[in-house]
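Below are some notes on chain B, set out as numbered points. Please read them with the structure open.

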Amino acid sequence: MKNETLRPVDRQVIALEVNGERTEMLLPVHKTLLEVLREDMGLTGTKHGCELGECGTCTVLVGGKPELSCLVLPIQVQGQAVTTVEGMAHGSQLHPLQQAFAELGAAQCGYCTPGILLAAKSLVETNPAPTRDEIREALAGNLCRCTGYSKILDAVSLAASRMG
Amino acid sequence: MKVVGKPLPKVDASAKVTGRAIYADDMLPPRTLHCRILRSPHPHARILSIDTSAARRIPGVLAVITGADLPVKFGILPVTQDERALEHEKVRYVGDPIAAVAATDEEIAAAACDAIAVEYDVLEPVMSIDAALREPKDERIQDYGGPNNIHKLVALEFGDVEGGFAHAETIREDVFFYQGNTHLPMEQHSAIATYLDGKVTLWSSTQVVHYVHRALSKVLELPMNRIRVIGAAHGGGFGGKTDPFAHEIIVCKLAMLTGRPVKCTLTREEVFYAHRGRHPVLMWVRTGVAKDGRITAMHFRTALDGGAYGSYGVASTFYTGALQTVTYDIPAYRFEGCRVFTNKPPCGPKRGHGTPQPRFALELHLEKIARDLGLDPVELKRRNFVQPNTRTVNWLRVTSCGLDECVDRVMQASGYATREKRIGHGMGFAVSTYLSGAGTAIYWNDMPHSEVQIKVDRGGVTAYCGAMDIGQGSDSVLATIVAEELGLQPADVRLVTADTDTTPIDLGSYSSRVTFMAGNAAVEAARKMRAMLVEATAAKMGCEASAVEVGDGRIGDFSFEEASVLAEARFGTLTSAGSYTPPRIAGPYKGSGVGPSPAYSYSACVVDLDADERTGLVSVNKIWIAHDVGRAINPLLVEGQVEGSVYMGLGEALMEEQTFRKGLHKWPSMLEYKSPTFLDMPEVQTFIVETVDPEGPYGAKEAGQGPLLPVPPALCSAVYDALGVWIDEIPVTPEKVLEALRRKSKGEPARYGPPMFPPIPYPPPIKVEPPPKDLDHASAAAI
């Protein structure tokens, strides 16, 4: 339960490309991508569940691959495209995964949903017709306490079939 | 019906899937200060001194508070006002809050907490039920209750228990233990407060804005009209956000002192210590049965490990004895319950509140009795099922009851009766029941439990209700009901919910009460609004009101918008209100307030699994669950609640444990606290059974908690079926399975579980006569 000790802060200018928008920011070098997205960029769609890389809630895509933003420093992702849940819809039209999650009740409290949507997006982009077991494998790092996972599996399958 | 019964998406689905729902920690108004809380490193200690001077000198620290700033005690139950937002005399568990800091950023706040010097006189901690029953070495944890560290003792006897046992053909006794576990919501608790013009506003991740409102008023010593509590989008509760919490009070106090917004979000480790989760419960049960398997009498004893404070504990204690009679017709019943204080985070309500533990014991106990008698366990249970429209021996009123149909559905689908018999493969069965809302409020009052207001203006419909959507979909249920009555779609209805300034009261999302209670209030409000719209339209059409059809966005010959203009011209501002007060059906005895509900849900479950003799590993293949929800207002949401309940029950049955070593949580992280992942979760086949309850809105009952209950006993029943060993203690870990197999191989009882139930100084029971047979028919006639 010991809290952290205060220390001097090093800052660096970092260029990020998030959801297709490029930004340069002066950031403390130790600040995680999760914190920068939420606190400095206002992208609060990315949630946090443990900040230790255990629950998958903060998943974003870096170069199309799922990464836990609580374990990534912004300096590591300079020059790579970062996608958050805010970058999934095309304008006001929902991404097929978002549409299927909404239709089938795959989001209950909705807190784990952004991370799961992004992990699923990465899956269906590399494997357009995943089996139920392949979906389970791809999403095994994302915890959900509400749904029992069934409706999420249904929604990913439905979205994949519509996209294929 | 046009929208009730349809699998429509939730009204907040788009906000949830786009990341646009705003949870408490997503809020960051300008000039927000960050709060961190200094917590006790000791499970039991007297506080000798607290020195905050060094913390106050750190640049960026704007306020530091201790217990002296918030001395008024609070607690969810009126009888156990035993908590302080910050303790300054004594700490009772690792994690008890001592001081709080508001600073310009979180790291400064954390450093300031480290700079606070606290001197302790460390006391011997009490870490188990057995230790709590003994005389304490140093001092008692709380200064009420007793003897020793006993918090609460209850003893009730209904009917002729001695006579029932005397007439029994067989009597059996068993002992069971249900380990504690925690809610593990994905969202950490978070709260943010502002203070302006002498008024506090708090946004919080809570299940019950009203109870937080009450606690704030008491501790901050402000009238309720100077406090506004708003439920932010909710990231999961399961009972864990039903108490008022220290951090909610602390951010309000800090906002009052600094004049700036103050936010506190608990770390994941703090969430494990905030807890209020499932009580560990040791249970002893003795039942007499006649030759045909009919129960003649039951005696049930429980001992709950409550942790350091009262929380909901008195209610939890009664719940461990209340609902046994709501599935099985028990003609004579004695219940003795005991809750003890220990130096651990307080336990409270978790999905099923106090009833999954006795359900686990009862289902396995009856199965063992059936095997003693050479009867099929399913048949023995069926012979004892309660019937609809009856009163139980402890005065609980059963209305609709779909137990038989639930059993038929899972039996048929699973092929349980004709299952393959081979070592290592098993199937197990259990049933359960749960409340559709507690029939009595947390604090005694005569007011309604839920209220809904509707405003119609130029065709726009807004419904106002204090209910908090915690992800279960209560907002969608409200919108569906209002839309059904007004001939609209749920998306046509705007909702304002969970805001103590703008919405009428609802007692919150706990005890599976919102669909039933807020739903009934919504039906009443919407029907009044509909009557005005119909009357105005009929006048214009020159016909009787009964000739006006409502539906598909039209009222008679007019569009809804045109009808609303006609009605506003006729009646002025269009508002209506409805409220719901549960029927007064509690029995005439002390303690009868826990258990009554306007209606009970029923579930039946079959688990199919493989259990490995060499490793003790249990692998669940499939679960069939049938749930009597009365009427599914939205079957998609009902399925979601049932599947989520099954998942959580499976986690409790197989892996989840909230346990401690030297006062410290053994695994306060999401990796080490095992919970089922996508890979652990089997396919679940859900059957919705509709019995159309006479008092539920459109006949609806609860769905969010009951289906958890049969899963742990069905799993243990399946382990016995597979390996011939009883695991009378959950979670069912490989170690326990292997130990039971080892005992079996040595000719010892083929069982893993608690050896005995300790002697507890229960008082003589309060003796209660069973209700007269025609009680409810008589009272109906009187009305």
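**Notes on helices and backbone geometry in chain B**

1. Helix 17 of chain B passes helix 18 of chain B in a right-handed crossing. This is a predicted model. The axes of helix 17 (residues 635-654) and helix 18 (residues 711-723) come within 8 Å and cross at roughly 55°. An angle that is neither under 35 degrees nor in the range 65 to 115 nor over 145 counts as oblique, and the two helices are therefore oblique to each other.

2. On the helix 17 side of this contact are B:V646, B:G649, B:L650, B:A653 and B:L654. They meet B:V711, B:P712 and B:L715 of helix 18. By class, the residues of the contact comprise seven nonpolar, one polar and no charged. An α-helix has 3.6 residues a turn, so residues three or four places apart point the same way.

3. Helix 6 of chain B (residues 209-220) has the expected length. Its 12 residues, at 1.5 Å a residue, should span 16 Å, and the end C-alpha atoms are 16 Å apart, which agrees. The residue that follows helix 6 is B:E221, with a positive phi near 55°.

4. Helix 6 of chain B is mostly covered, with 10 of its 12 residues buried. The buried residues are B:V209, B:H210, B:Y211, B:V212, B:H213, B:A215, B:L216, B:S217, B:V219 and B:L220. Among the elements covering them are strand 10 (199-204), strand 11 (227-231) and helix 7 (246-258) of chain B.

5. Two peptide bonds deserve a look. Most residues other than glycine have a negative phi, and most peptide bonds are trans. The bond from B:G146 to B:P147 is cis, with omega near 0°; B:P147 sits in the loop between helix 4 (129-133) and strand 7 (150-158) of chain B. The bond from B:I730 to B:P731 is also cis, with omega near 5°, and B:P731 belongs to the loop between strand 32 (729-730) and helix 19 (734-745) of chain B.

6. Two loop residues should be checked for phi. B:W395 is not a glycine, yet its phi is positive, about 75°. B:W395 is placed in the loop between strand 16 (390-391) and strand 17 (397-398) of chain B, and its relative accessibility is 13%, so it counts as buried.

7. B:V692, another residue other than glycine, has a positive phi near 50°. Its loop runs between strand 30 (683-689) and helix 18 of chain B. Is B:V692 buried or exposed? With a relative accessible area of 41%, B:V692 is partly exposed.

Note on methods:
Residues numbered from 1 in each chain as written. Chains lettered and ligands numbered in written order. Predicted model: local features only at pLDDT ≥ 70, side-chain atom pairs only at ≥ 80, totals over all residues. Heavy atoms only, no water. Helix = DSSP H or I, 4+ residues; strand = E, 2+ residues; numbered from the N terminus. Expected span 1.5 Å × (residues − 1). Buried < 20%, exposed > 50% of the residue type's maximum accessible area, 1.4 Å probe, protein only. Contact = heavy atoms within 4.5 Å. Axes fitted to C-alpha atoms, helices over the stretch in contact; angles between N-to-C directions. Left-handed = near helix turned anticlockwise from the far one by under 90°. Nonpolar A, V, L, I, M, F, W, Y, C, P; charged D, E, K, R; others polar.
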